[in-house]
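Q: Please take a close look at one part of this model, the ligand and the residues around it. Which residues are closest to the ligand, and by which classes is its shell made up?

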Amino acid sequence: MTTATPTKPAGLEGIIAGDSDICAVNQTSLIYRGYEIADLAANATFEEVAFLLLVGHKPTAAELDAFKKELIHERAIPDHARDVIKRCALGDGMHPMDVLRTGVSYLAQFDKDCQDNSPEAELRKAKRLLAKIPTIIGHMQNVIDGRDFVLPDKEMGHAANLLYMMTGRKPTQAEAHIVDVSLILYAEHDFNASTFTSRVIAGTLSDMHGCVTGAIAALKGPLHGGANEMAMELLREIGTLDNVEEFMDNAFTTKRKIMGFGHRVYKNGDHRAGILHKLGRAYADDKGGEPLKWFEIGEKVQSIMETQKNIKPNVDFPCGMTYYALGIPVPQYTPIFVASRITGWCAHVMEQHKNNRLIRPLSHYTGPELRKWNG
Ligand code: CMC
């Protein structure tokens with residue numbers, strides 16, 4: 001029998017599970033390597049933030065230029081991988097997150113650094129994954145839409161290229177900017193479930209593609225990254241502004257979770273949500289019609305949640321409405337989250353490998369007393 005002391009907080013709430021130089025999640029600030037998220041969202045590009053997370057410092061102009069060129073150079077994926085994505089995307093019942101998970105896992109065999117966990121090899125792999133994930137997302141959406149594969153652009157930034165590959169249409173500057181900011185907001189969040197998953201896998205000295213594959217599976221869940229899709233589905237279920245009150249009354253009576261609200265760490269609100277809401281709302285104001293309608297419904301849901309439950313939205317709530325306003329298909333919202341969080345995951349895998357100790361906690365046994373198999 002184990003002599004371990006029982007864990008009091010369910011879900012490891014409030015437990016500090018290790019040190020990290022990468023990110024600090026505080027009640028009133030979210031800091032990536034010393035820079036506050038509002039500062040980054042207002043003044044940096046996603047590529048700059050990706051470099052900051054992966055390499056550890058703000059890039060010089062020359063470093064940024066080289067980094068962007070490397071990413072563009074690495075965007076294409078082999079024909080084999082494209083075929084696998086096509087088969088998966090056409091298969092029955094696979095969510096785009098499953099297709100992406102399979103695509104990332106499959107790409108491992110084409111990466112000559114696959115089994116090399118040295119810092120140099122891991123940085124190369126991180127850049128390749130960052131560059132290729134939008135290609136997987138784009139290609140699978142092309143298959144779903146029944147159009148020819150849109151090949152990666154050789155000049156556009158990460159966000160613009162991602163939108164372009166999904167649709168074959170060059171996004172406007174405003175559209176690319178909104179997605180770019182959303183990617184900055186999504187890039188890193190310390191020991192959240194998917195990142196912790198990646199660190200647990202890394203802790204066994206497994207490889208980066210494996211860590212990321214596991215992290216994608218963790219992010220898919222509706223209590224984590226999957227919430228951005230579920231938040232928009234919930235608004236669609238409500239349908240009209242007039243239905244909001246009755247829907248919410250019902251939800252409270254049946255104790256239904258309202259997706260995109262609440263947070264394990266932030267108890268007074270997730271300030272990423274306000275940043276994205278403002279951008280998405282301005283875009284919807286400009287567009288009017290349907291995009292604006294979803295923001296109006298969403299804001300009413302938010303007001304009821306805040307006044308009646310004192311529960312505030314997390315970043316996934318405005319993300320749902322914002323991506324919808326941009327015309328992005330709902331099942332691609334969480335894969336787009338991956339196109340950003342890949343930077344945080346890879347930074348954590350590298351940090352774990354740099355100073356590794358196997359992550360192996362204990363459980364508190366609550367099963368039957370000791371007994372004999374034969375009597
Ligand atoms: N809708 C309704 N009630 C809620 C919600 C919600 N979204 N979130 C929390 N509550 C209530 C919950 O029912 C509980 O009430 P009571 O004490 O009466 O039983 C109380 O608030 C505490 O909630 P909890 O579920 O114990 O809190 P937690 O820290 O375990 O969960 C959470 C955090 C994010 C899983 C939860 O808030 C939730 O399920 N939210 C909806 C899913 C979601 O939006 N996930 C995205 C998380 S943030 C970004 C990301 O990871 O992608």
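A: In this predicted model, the ligand is surrounded by 20 residues (each with a heavy atom within 4 Å of it). The closest of these residues are His 224, Ile 258, Phe 261, Arg 264 and Asp 316. Numbering runs from 1 along each chain as its sequence is written, and side-chain values use heavy atoms, with hydrogens and water left out. Local features need pLDDT of at least 70 and side-chain atom pairs 80 or more, while totals for chains, interfaces and linings use all residues.

Three side chains make polar contacts with the ligand (pairs of N or O atoms within 3.5 Å). For His 224, one of the closest residues, a polar side-chain atom lies 2.7 Å from a ligand oxygen atom. Lys 257 also places a polar side-chain atom by an oxygen atom of the ligand, at 2.9 Å. In Asn 314, the partner is a side-chain N or O atom, 2.9 Å from an oxygen atom of the ligand. On its own the ligand exposes 910 Å² (Shrake-Rupley method, 1.4 Å probe), and the protein buries 65% of that area.

The shell around the ligand, sorted by class, holds nine nonpolar, six polar and five charged residues. Asp, Glu, Lys and Arg count as charged, Ala, Val, Leu, Ile, Met, Phe, Trp, Tyr, Cys and Pro as nonpolar, and the others as polar. By that scheme Arg 264 and Asp 316 are charged, and Ile 258 and Phe 261 are nonpolar.

As for the protein that holds this ligand, it has 16 helices and three strands (DSSP runs of at least four and at least two residues). Its radius of gyration, over C-alpha atoms, is 21 Å, close to the 21 Å of the globule rule (2.2 Å times the number of residues to the power 0.38) for 375 residues, so the protein is as compact as a globular protein of that length. Along its principal axes, the C-alpha trace spans about 70 × 55 × 45 Å.

Terms used: A polar contact is a pair of N or O atoms within 3.5 Å; within protein, one must be able to donate a hydrogen and the other to accept it, and residues adjacent in sequence count only if both atoms are side-chain atoms.
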